[in-house]
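Student: Could you take me closely through one part of this model, the nonpolar interior, and then relate the charged pairs and the unusual backbone angles to that picture?

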Amino acid sequence: MGYTAAKGAYLIDVVTNSITPIIESTKIVQCKSSYNLSKLGVLLYSGEFLLFDLNTLQSVKNGNVIAAVSETATQKPQFALSERFVYITSPSTGELVQVNLSTLKTTKIKTSTTPYSITLFGHENSAAH
């Protein structure tokens with residue numbers, strides 16, 4: 001998979017020497033795959049989160065999960081994608097937003113003044129883990 005915020009996200013097949021668009025947009029804040037490479041998450045400046053199935057390249061979920069982000073903001077949200085949740089930092093509000101991938105229900109967790117980056121390690125065995 002390849003991604004550029006100026007163009008979009010693409011599936012790159014080095015065996016067949018082909019490039020297939022997954023999403024073409026100049027409004028992408030960030031794009032990441034799940035650890036098992038089955039899903040692709042895309043966060044747009046509008047606050048919309050899109051979830052793609054990488055086996056079919058089809059959108060399976062989408063919805064507004066955070067407030068719109070200024071394209072000129074110096075600290076933009078970052079996210080990590082797990083099998084059941086997407087975790088999005090909100091530098092402007094000092095929160096971590098947990099989004100359930102099945103329902104797109106959000107839970108906000110107050111963190112520091114400006115949470116900027118996030119890394120997942122280990123595994124999740126429940127919503128509270």
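**The buried side of the chain and what surrounds it**

Tutor: At a relative accessibility of 19%, Leu57 counts as buried, because the limit for that class is under 20%. In this predicted model, Leu57 sits in the loop between β6 and β7, and its phi is near 65 degrees, a positive value in a residue other than glycine. That deserves attention because most residues other than glycine have a negative phi. Leu57 also belongs to a nonpolar core of 12 residues, which includes Leu40, Leu44 and Phe52 as well.

That core is the second one and is separate from the largest nonpolar core, which has 16 residues. Within the largest core, the residues with the most contacts are Phe49, Ile66, Phe79, Leu81, Val86, Ile88 and Val99. Strands β6 (48–53), β8, β9 and β10 (95–100) each supply at least two residues of this largest core. Val99 can serve as a viewpoint from which to inspect the packing: leaving aside residues up to four places away in sequence, Val99 touches Val65, Arg84, Phe85, Val86, Ile88, Leu104, Lys105 and Thr106.

A positive phi also occurs at Asn17, which is not a glycine and has a value of about 55 degrees. Asn17 is found in the loop between β2 (8–13) and β3, and with a relative accessible area of 73% Asn17 is exposed, whereas Leu57 is buried.

Turning to the charged pairs, the count comes to two salt bridges. In one of them, Glu71 pairs with Lys27, and the closest N and O atoms are 2.8 Å apart. This pair links distant parts of the chain, 44 residues apart, since Glu71 is in the loop between β7 (58–64) and β8 (79–81), while Lys27 is in the loop between β3 (18–24) and β4 (28–33). Both partners are partly exposed, Glu71 with a relative accessible area of 42% and Lys27 with one of 40%.

The other salt bridge joins Lys39 to Glu83, with the closest N and O atoms 3.1 Å apart. Lys39 lies in strand β5 (residues 39–44) and Glu83 in the loop between β8 and β9 (85–90), so this pair ties together parts of the chain that are 44 residues apart in sequence. Glu83 is partly exposed, with a relative accessible area of 36%.

Note on methods:
Residues numbered from 1 in each chain as written. Predicted model: local features only at pLDDT ≥ 70, side-chain atom pairs only at ≥ 80, totals over all residues. Heavy atoms only, no water. Salt bridge = Lys/Arg side-chain N within 4 Å of Asp/Glu carboxyl O. Helix = DSSP H or I, 4+ residues; strand = E, 2+ residues; numbered from the N terminus. Buried < 20%, exposed > 50% of the residue type's maximum accessible area, 1.4 Å probe, protein only. Core = buried A, V, L, I, M, F, W, Y, C linked by side-chain atoms within 4.5 Å. Contact = heavy atoms within 4.5 Å.
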